[in-house]
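Please open the model in your viewer and keep the selection tool at hand. The stops below can be followed in order.

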Amino acid sequence: MPNGNEVVVSIPKIVELFKQITEDSGLCMMITDTHTYEIYYVNQVMQKVLHKQQNSYHGKTCYEYLHSYVSPCPSCIMNKLKNGKQQEIEELRCYKEQGACFKLQTRLINWDGKEALIDYGTDLTAQLKAQKTLEANNRKLENIVVMEKVATKQATESQQALNEVINKAGIWYWTYDINSGMAVLQTKCAIDFGVPDIQTNFPERMINSPAVVPASRPIFTAEMNKIKAGEPHVEFTIQMVPKDNNIHWVKINVMTIYDENKKPVKAICLGQIVDKAKAMEEDIKREETRMRASDENLLARVAANLTKNLVLEYKAKDAKALYTYHQGTDDLIKFSLNIIVNKEERAQFQALNDRSFLLKSFAQGKTEHVLEYRRKMPDGRVFWVRNVIHLLQEPSTGDILMYEYCYNIHANKMMTELLNVMIELDYETIGSLNLQVGYITLFSGNDVDHFPSGEALDIDTIAAIYAKKFIMQEDITRFKKIAKLAYLRQKMSEQDRYEEIFHIRRKDRTSGLVKFRLVNYDKENEICILTCIDVTDIQREEEQKKDVLTEALEVAERANKAKSVFLSSMSHDIRTPLNAIIGMSNLALEDPDNLAQAKESIKLIKDASDNLMSLINDILDLSRIERGKTEVSSVPVSLKEFHKSMEDLYRPLIQEKHQRLESKIRVKHDFYLADEVHLKRVAENIISNAIKYTPAGGKITLSIEEVPYGHEGMALLKFGVTDNGVGMTKEEVDQIYEPFFRAQEAINGHAQGTGLGMSIVKSIVEMLNGNIEIKSIPGKGTKVTVTLPLRTTQELNISQETMEKGKEEDQSALNGKVILLAEDNDINIIVAKKLLEKVGVRAVVAKTGKAAFDRFVKSRPGEFAGILMDVQMPIMNGLDATKAIRSSSHAEAKTIPIIAMTANAFAEDIRKSLEAGMNAHLSKPIKPNQLYQTLEHFVSRN
């Protein structure tokens, strides 16, 4: 019994207190009976480490609980403690089944009067795992150090081999450091794209280089942004321009490399031209579109993989003709053969659709096949159809695909056969002959007057009457021989057509020739079509045709000789400036640091280019005039201003050649209605000839004179150019209007020219209802006078006045302006943008007329100062785009300046531009000053 100073604690309270102490200590603890091995207690800490359910040890022995054994462990620690050798044991104990390790102390205790074993200690599972990992990593590190040395050598050798393989395979390769924005390009890649092999500010610098087509730049940017964001791999196809200056489709693969924190640090990039694969993809897209397009004549369509013998898709108008997808193509052929009515056509269809034949055909380069045959429709009707087969290759797998379409051509086929019969037979009399019974039935023609129409008559009766009334004596015997039923039956059994020609007496008593023709219509029933046609005029026409052909042959020979002369002259005159352009370009490229040489080369290239442009303009002018394609315009022209512009244009050249210029003008009116473009063409050709063929120190006189014409409101303009140059003989004057003619003195003096100028001048003058006169004396000089009738007017030439005024305007008015540039040619875009940048103008590019229209209507008022509009563009041309802009609801639709900037340079082209709503027309190649003056005028006015 407790005394007064003792505290009585109940047994449950002790147990609870014990558990609380052992759980809060963080130690692992287990108590086991030393005789029965029964577990008395396992605290929660140890249960958790051993991955055991709470209190699952009740009623179990230690070897069952810990190892699932059926008997005590052979090396049980109890044996060491029970023999009294050791009072307490400390050891490291691991349990593989639970993946746990402990540092435990074990000793004997008295547990409620029984001998028991207590294990207590700490969990070392995580610590030991970490130690093992560290030891393994140390061993790996040692191996890595050794392997790194080997790998460095192998990497160098592998890189060299990789570069060689990449070069041979036509692959571009570069690496990209994502953090620094630096790229290292393989040598071939850098050379092909004309960029440094080490690039900073990548990928922006590469994307904005000329190597990437502008339309592909957003794609390039978006895909590289994915790599920066951490995507492991991207693949995309864009258009690029390598050193061959051709646009190619290029597939780019980019693979990302990560650091230990799984952040993207580097990218490996590969590029390869895939033009062929891209073309294959586009072809397949077109066929897929066609497969889904609606066509009332399309009866059935099939898509199949011939390589895998697989029908991918089959569609037919009639639901009864539907075929199960994804079966073999051979099965489909068998299905289709049942609806082909003709045996021969059935065999042709089977041979054409044979899979091995189609695969062999594709390998030989034949990718399209067509077959026409008759097929039976579900309602029993027989229709003519046409099967069209397209063969394509799937780029990713290399499989050969077949797209086959079956069209209803029955109506067209019948119409064609009917027309063929009518054209082929070209009859005057037509009927049918039944060879089985020997009866002829005439339906129409000249002979119906002699025989009842539509009535069957005996062939012998008709032959006798025809021989007596129509056949000439020299052909009677032959006619009677062939007009026998047995003879005709024999002939028509051997052939499908039989013809004979006889001399006959016509109704008007004149002699002539007639052709009889029999054509098999129903061979099984021996029915023929009989026709009769008078061929007298045909034979006469054939004789006339022989005469015409003989004459045409002579003309063709003369034309061929003229063509040879033309091509010879053209070859010489084109090659001459081209030789200068190529030669000077090579000189400039050979020594780019020699600025003097480069400047001289560029000047000579420009002169040769101007000469080549002049030749091209001459040829086009002459061609259009000869074809009657040139239009004559009539606008107010100031002859005083015209005369002054000619003076200003040629005075520098005359002074350069040390010649003298004398100018005379006597006109009574301020303005005349004239075709200013063609007037300048005439004047420029005549004046340039005078300068060209007049030596240094010579004199050139330019005169314009108005003389009375005798009609009110009309005047006669005399435009004259006189020189004291080399002159010409009378024979040379007579030949001067012939294309490519040049006077002998000009040839000896090596004067340059196409020899087309005076041909063009004469054609234009005659087109303008004028005349030209040339007087020349060898060694004395030449006088050329052009006389043109013109209407007088007091209207001011607004275009000329404003353009002259524009010369005085300050180019600074353009600085900071934004122009919408509608142009589809990449080179022209570059040239135009650089010209505009020189005066501070920024260009926003639209590559189609539709894109230009869309960009303008979405712009805010005042965003664009004007529009430079090319005429020939895809989707919507410049004329239609201008009309659409002028008709739009945009606040500046009617006022924004629109200026044509196009290679269309003829008068009718200018007229079309103005009629479409443009303010002015500039012809390519663009002259910078003309461009600036035009922009200054319209931008400042706007």
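What follows is a short tour of this predicted model, one selection at a time.

Begin by selecting strand β9, residues 233-240, and pick out I238 within that strand. I238 has a relative accessible area of 0% and is therefore buried. Now add I273 to the selection: the two residues are separated by 35 positions in sequence, while their C-alpha atoms lie 9.7 Å apart in space.

Next, select residues 275-292, which make up helix α9, an element of 18 residues whose first and last C-alpha atoms are 26 Å apart, close to the 26 Å expected at 1.5 Å a residue. Which residues of α9 are buried? They are K278, M280, I284, E287 and M291, so that the list holds charged residue types, K278 and E287, beside nonpolar ones.

Then move to the surface and select M182, V184 and I198, which together form a nonpolar patch with about 250 Å² of accessible area. I198 belongs to strand β8, residues 198-199, and, because its relative accessible area is 49%, it is classed as partly exposed.

For the last stop, select E541, E542, E543, D547, E551 and E554, the residues that form a negative patch on the surface. Of these, E551 can be located in helix α17, which runs over residues 536-590. Is E551 buried or exposed? E551 counts as exposed because its relative accessibility is 52%, the cut-off for that class being over 50%.

Methods. Residues numbered from 1 in each chain as written. Predicted model: local features only at pLDDT ≥ 70, side-chain atom pairs only at ≥ 80, totals over all residues. Heavy atoms only, no water. Patch = residues over 30% accessible without salt bridge, like charges linked within 9 Å, V, L, I, M, F, W, Y side chains within 5 Å. Areas by Shrake-Rupley, 256 points an atom, 1.4 Å probe, with all protein chains shown as cover. Salt bridge = Lys/Arg side-chain N within 4 Å of Asp/Glu carboxyl O. Charge placed at Lys NZ, Arg CZ, Asp CG, Glu CD. Helix = DSSP H or I, 4+ residues; strand = E, 2+ residues; numbered from the N terminus. Buried < 20%, exposed > 50% of the residue type's maximum accessible area, 1.4 Å probe, protein only. Expected span 1.5 Å × (residues − 1).
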